[in-house]
Amino acid sequence: MSHNQLTDSGRLHHFLSIEGLKRPLLTEIMDRAEQFSSISHQQVKKVPLLRGKTIVNLFFENSTRTRTTFELAAKRLSADVISLNINTSSASKGESLRDTLHNLEAMHSDMFVVRHNQSGAAEFIAQHVAPHVSVINAGDGCHAHPTQAMLDMFTIRRHKQHFPDLRVAIIGDILHSRVARSQIQALATLGVGEIRVIAPKTLLPTDCKTLGVHVYHDMDAGLKDVDVVITLRLQNERMQGALLPSAKEYFQCYGLTERKLSLAKPDAIVMHPGPINRGVEIASAVADGPQSVILEQVTHGIAVRMAIMSMTLGSQAELHEVTA
Amino acid sequence: MNLHIKNGRVIDPASQIDAQQDIFIRDGKIVAISTHLDGFVADQTIDATGLIVCPGLVDLNARLREPGQEHTATIESETLAAVAGGITSLCVPPDTDPVIDTPAVVELIEDRAKKAGRAMVYTIGALTQKLQGELLTEMAALKMAGCIGVSNGLAPIKNSLILRRAMEYAATLDLTLFINSIDPWLQGNGCVHEGAISARLGLTGIPETAETIAVARDLLLIELTGVRAHFHNISCGKTVTLIKDAQNKGLAVTADVSAHHLHLSEHDIGNYDTLSHVMPPLRSIRDREQLQQGLREGIISAISSHHQPLDNDAKLGPFAETMPGISGLETLLALTMKLVDDEEITLHQAIASLTSHPADILGIDAGQLKIGAQADICIFNPNIHNECHPHSFVSAGKNSPFSGWLFNNKVSHTIFDGKLVFEQDKIHSIAV
């Protein structure tokens, strides 16, 4: 459990994992994101909530989309942002990670947004920064990607009213997916009626059921009557190590096609954390189809990250004053 | 030099002694275990009233980091830690740098240990050259130099034919084979037990079958070759069953378990606690219970420290990037005695699993209080409040997940070769 992401009064100090967060806090993030969402439509897209604050995007793993939305979110909150891409292969592991942090702290930054290829890296960094510095996990190994999960919940809430009534299916590489782990925790915290995972055994963690999900290996059975379909990106390297025979066979068995989608509820929405592999985990017709909300997810990413950044930096300024 | 240990409760399971007795030591040897000895004039007397006096502990597996990693720990620093933990004999595996695959390395380690003068250090020679699993070492020469057995350390021999040949050759020389069984493919780059915790934390798991498949293969080859074998640090409940079956078949097979695997489980990793990062990984609670059961039944006959001192930086980083290992010399007795407090094993089982049983596995004359034998003795208080503070360990490695654990026992004196080498809160300097 991420025991140290909350302050003594139960407010967010870091944002490392959905695990351990209570439903009202997740709801507050989404409510606040709704308010920020309206800012995107204004002429001046900035609020001065984090004016004077310095945010460092620390990306030890390549990412364009996530980094960009974090940058935009920070800028719309009027913070100063620096983005650093650090090649992990040249960094000599733990020690230099700590040294990097201390160097950056010496520049008096207030927040690190961290992406790293090792599970637990964000937790490690949170343990080693100065007490006033907040850490936001932008993806650590196969562990967690909590801001992605929150923007997904936000997107679901925009389309579906009541979480407990929902059936949600997550399809694909659950084993290696930090997105899936965080989504499952968020869906469970929000009281979703049934969470399903659909994948071949090679892409599911052992003891997957302990995550609180129903396991399906067959798409037709798993998709039946679901309200939300989430497909995960399939990394090309999964063909190595005998996890899968080929992308072609994967698409045949687990690719989301119009036919398979028709088994879900007629008003089911289709989501994907991106970037999508057309013809591998999802057919173009579905990705671009009327039930797809994939691009909305990207848009919502900014408002949700604004909400989380402003909450973690403990800005006590009343939101209403700036958004009114 | 005459040493008199008086009024202690002397417990030696191998000699079936459990009585209030005195021990009289002259010139490094035990001369009497009785209530008095006529004409004995003590130069030094230890009042052991209320304390347990038992044979000096024998540890089957401790890494001292010398030669090769003297910046982390040395034979000097770690034998000091050993006697602070009541251990007077310990055994080092061959994965030093250079590897213990030539008599020269054996001699170097023995020389350093002799100079330190605090505990007997036994060496396990390499089974294959540089532990590469390809060419046999000169095992006869290693045995002559003093190795008490052979092992390939933590590097599994993938090629079953080479393992078979190595076993046959070791059997020819009547050398015990020490094995850490692991299937390298199933282990992969895993760092935790494959189960609920690996699923939750997104860490690569090591399935139980990584151990059981390798143990099953090794047992079949042991049966084929007739080598005497000892399994180090088993971690799975099912391994206990495999070893039980082999023992019932009459194979010369023994096993030990680490003190930490008897107390911790995968759940102790909590939120990426790197101090609980060990190899083999901490398994499920059920596995832990089955290991305890195996110990009760005598299938597992020894408890070892599997001491791996590390510097602080080795444990600082994202979990999978940190070094596995626990600094275990100074908690070996305390953790074993905690099993007695928890009524998992009896006091005699506890002491035997730390003294005569490991000594028998090593084939050494230790772990027993015998008249005429070298006086290696551990004296501990079984009734004292003792909170574990790894930062004050004598060992150069402070890497222990047991910080804050409360024990009801503490080593008060350690005697090696008839000399007081450790006394609670002070370490005696030895004139060599």
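Q: What is the strand order of the open sheet of eight strands in chain B?
A: This is a predicted model, where local features need pLDDT of at least 70, side-chain atom pairs count only at pLDDT 80 or more, and totals for chains, interfaces and linings use all residues. Residues are numbered from 1 along each chain as its sequence is written, with chains lettered from A and ligands numbered from 1 in the order in which they are written. Strands here are DSSP runs of E with at least two residues, numbered from the N terminus, and two of them pair if DSSP finds at least two bridges between them. With parallel pairing, the order in chain B is β6-β7-β8-β9-β10-β13-β14-β15.

Q: Which are the edge strands of this sheet in chain B?
A: An edge strand pairs on one side only. In chain B that description fits β6 (57-59) and β15 (302-304).

Q: Which residue stands opposite B:Gly149?
A: Strand β9 (residues 149-151) of chain B pairs in the parallel sense with strand β10 (residues 176-179) of chain B, over three bridges. Opposite B:Gly149, in β10(B), stands B:Thr176.

Q: How many residues does each domain of chain A give to the contact?
A: An automatic or database domain assignment sets the bounds: domain 1 of chain A spans 23-143 + 299-323 and domain 2 spans 146-294. Their centres, taken over C-alpha atoms, are separated by 26 Å. Residues are in contact if their C-beta atoms, placed from the backbone, lie within 7 Å. Counted that way, domain 2 of chain A gives 18 residues and domain 1 of chain A gives 19 residues.

Note on methods
Helix = DSSP H or I, 4+ residues; strand = E, 2+ residues; numbered from the N terminus. Contact = placed C-beta atoms within 7 Å.
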